[in-house]
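Here are a few exercises to work through with the model open beside you. Take each task in turn, then compare your reasoning with the solution.

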4 protein chains.
Amino acid sequence: MNAPMDITASPGQVRKSDRTRQTILDAAAKLFREQGYKATTQRQIASQAKIKAGSIYYYFESKDQILDEVLERGIRIVHESVETAVNALPANASGRRRIESAVATHLHTVLRYNDYASANIQNIRHVSREARDRNRALRRAYWTALFEQAKQSGEIGQHVDLSIARLFLLGALNWTLDWYDPKQGSTDILAEKFCTFFFEGSGRR
Amino acid sequence: MNAPMDITASPGQVRKSDRTRQTILDAAAKLFREQGYKATTQRQIASQAKIKAGSIYYYFESKDQILDEVLERGIRIVHESVETAVNALPANASGRRRIESAVATHLHTVLRYNDYASANIQNIRHVSREARDRNRALRRAYWTALFEQAKQSGEIGQHVDLSIARLFLLGALNWTLDWYDPKQGSTDILAEKFCTFFFEGSGRR
Amino acid sequence: MNAPMDITASPGQVRKSDRTRQTILDAAAKLFREQGYKATTQRQIASQAKIKAGSIYYYFESKDQILDEVLERGIRIVHESVETAVNALPANASGRRRIESAVATHLHTVLRYNDYASANIQNIRHVSREARDRNRALRRAYWTALFEQAKQSGEIGQHVDLSIARLFLLGALNWTLDWYDPKQGSTDILAEKFCTFFFEGSGRR
Amino acid sequence: MNAPMDITASPGQVRKSDRTRQTILDAAAKLFREQGYKATTQRQIASQAKIKAGSIYYYFESKDQILDEVLERGIRIVHESVETAVNALPANASGRRRIESAVATHLHTVLRYNDYASANIQNIRHVSREARDRNRALRRAYWTALFEQAKQSGEIGQHVDLSIARLFLLGALNWTLDWYDPKQGSTDILAEKFCTFFFEGSGRR
DNA sequence: AATGAATGAGCGTTCATTCAT
DNA sequence: TATGAATGAACGCTCATTCAT
């Protein structure tokens, strides 16, 4: 169901045990994304992973632990996707260019590419405070760096509250899960429009 | 738990039956907001409403029906609050002033004032397609009107895609439920910052 | 739903209270017949009787008591119908003629005419041993008398075990509730066939 | 509670799972027979089967499904018992002898031997039209064959309506559940008396 | 490494019954 | 005389979890 994830693939030999574990997580991610955590049963996950419900407990201690891990992977995947994309830009790319790339990658990963990423966004409320905070910290760190860079280079105005800007932009991005329809345009086009808004606003210029 | 709601209060005599019904809805709204629909049990709702679980069924046919009504009220309350606030402005208020007022009221209603409003935002995925669509149509209609007005008066640039603008702004607003902390500033201040972003963007001017 | 029951009607003034009581019993009889005792709720009975569920308890102590009374009336109605029909025969009517009349009346009452009568047969298992025994005693007394008469007059053979004969005939009669279809012939024709069997058997003569 | 059922027993190894499933059905059959379907709870069935209520759902999808299977077995058991008994007769046995054997076996199976058989008779009204019709068709087919044979050999009179005869006899047989008391004589004696009635009638000869 | 079988707690819901008005 | 409101016990059923094999 997911495109193969180079990002998480480990090199060399993979033990069967690891493969099954992965299969379970994939199944859970897909179902958590589609139905939410509470509405997904262990039996559904097992069935999707082509094993029996009891077997899950050989790999995970509880359904909660599966959720934790799915969400953890979700945030990491978004993070690494975005980082990879930004790092692939030429060293002299502008701050705005970097942010544009980050936005495009974020949207693409969350909306099209990855169950973990969207499961993360849809179910973040069901995990413990700590997991949620860890999640948030990771997100914050990365975007803040991007924003500060752009501010230093003058591409973001000196008066701008970066914290609010970040929350504003990320809110808009994450909320797309609620309305985005692939039929109405690629995520890249959407990303471009969002960036224009973000930098230039809607007002008359 | 909720501030009294002038919007829904009926004048004069209130039958006991109506009061209990209201109490159940209030309890459900609070719990749906805090825990989500699936995680909330009828016994929790009953306990919060200080009645017994079986009594709920004297007023509602099912848990689903309670959700429907809570969400319906949620959207209505946001809608009416915003409309009331905007209509209270002087007739010659600018388009931007109107949007600022709408944003401030939306944030205040969702974040501080009303369980129904936030329950609506958090649980919209659990209802039927029709209810969701009705919900969306109402929201869209109102904000679109505001935006078009501002575009006509030139306060929003002619090049702006209002549909995307609306989704962008509302996404950012609704996502605040995930991070807003009352200790860090009033919703009015937040609204002002959001509007500045929305109209002027983050870029250097 | 029932034809008016001269049999149970009391003469002169009827108090409203009595009328309501009767309405409840009628409703219960109809529903017990159609759905059985367990499947019928007090609210259904109330609704059918055009009152509210709580009001039933002004007239009856419990659902069980309603059943008792419905069944009690059921047996009495069959009994009285049959007795009336038989007594209406000329004094010199033969034993067989009397039994034929009883059978026809029994079938008609149970199958076409009366909810109490059929409710009795369908739900007899749900009442207390005592009520069941009372029921049975009444039935036995009457039919036994008819049979003995026919035996004395030689219309039933001397060798016949009247007890078994009665159970045999009544079993066949009561079981008709399981298969009788009004479209396939009147109860009178059915009664005639049954009597022929009963007296003459199926064997070659 | 039931005598061992050669009819359904499978030879050799029996898996534990099959044994539990069987135990549940046995428990349900017994309780359905004694109390009826509606009055029997899943917890009663579980308790009788010495398992916990939840476990039932490892084997059956619903209470209804249990009923279906119990009734299905009931009709099959009666059918097969009767068929076996009749087939065991000498090839040249008379039509009457065959019917006598069928009646005796039917009564014995329903009254003494088997909860499934009696549960079937007592609860047939609670299943779907289709199941009921299937049931009836099976019953009809078998008895009709027996009767036609006897008619052809002249043991049943040419004038006899076989359909009515069958309903008459089976009604009487099934109704025995309501009054048969083992203390008052064996089912075989009862069967003999019933057959005498059926063939010779009660009238003087 | 995986499963079949079972469990127990709890779910949404039903319903006969009560009782103040 | 009748009811609106409420209850409590029980119902059929679900599901995360356990554990011997």
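**Exercises on a predicted model**

**Exercise 1.** Find the operation that superposes chain D on chain C, and say which surface the copies use to meet.

*Solution.* Start with the superposition: in this predicted model, chain D falls on chain C after a rotation of 178° with 0.0 Å of shift along the axis, at an RMSD of 0.4 Å. Next, turn to the interface residues. Of those in chain D, 100% are also interface residues in chain C, so these copies meet through the same surface.

**Exercise 2.** Work out how chain A is related to chain B, and find which residue of chain A comes closest to the rotation axis.

*Solution.* A turn of 178° and a shift of 0.0 Å along the axis lay chain A on chain B with an RMSD of 0.4 Å. The two copies are therefore related as by a two-fold rotation axis. Now look along that axis: the C-alpha of Gly201(A) comes closest among the residues of chain A, at 1.7 Å. Finally, compare the contacts: 97% of the contact residues of chain A recur in chain B, and the same surface serves both copies.

**Exercise 3.** Check the span of helix H4 of chain C, then find what covers its buried residues.

*Solution.* H4(C) runs over residues 63-87, which is 25 residues. At 1.5 Å a residue the expected span is 36 Å, and the end C-alpha atoms are 36 Å apart, so the two agree. Buried residues of H4(C) include Ile66(C), Leu67(C), Arg73(C) and His79(C). Among the elements covering the buried residues are helices H1 (16-35), H5 (95-113), H6 (115-123) and H7 (129-152) of chain C.

Notes: Residues are numbered from 1 along each chain as its sequence is written. Chains are lettered from A and ligands numbered from 1 in the order in which they are written. This is a predicted model: local features need pLDDT of at least 70, side-chain atom pairs count only at pLDDT 80 or more; totals for chains, interfaces and linings use all residues. Copies are superposed by least squares on the C-alpha atoms of residues with pLDDT of at least 70 in both. Two residues are in contact if their C-beta atoms, placed from the backbone, lie within 7 Å. Helices (H or I, at least four residues) and strands (E, at least two) are DSSP runs, numbered from the N terminus. The expected span of a helix is 1.5 Å times one less than its number of residues. A residue is buried if 20 or more other C-beta atoms lie within 10 Å of its own, exposed if 12 or fewer, and partly exposed in between; C-beta atoms are placed from the backbone.
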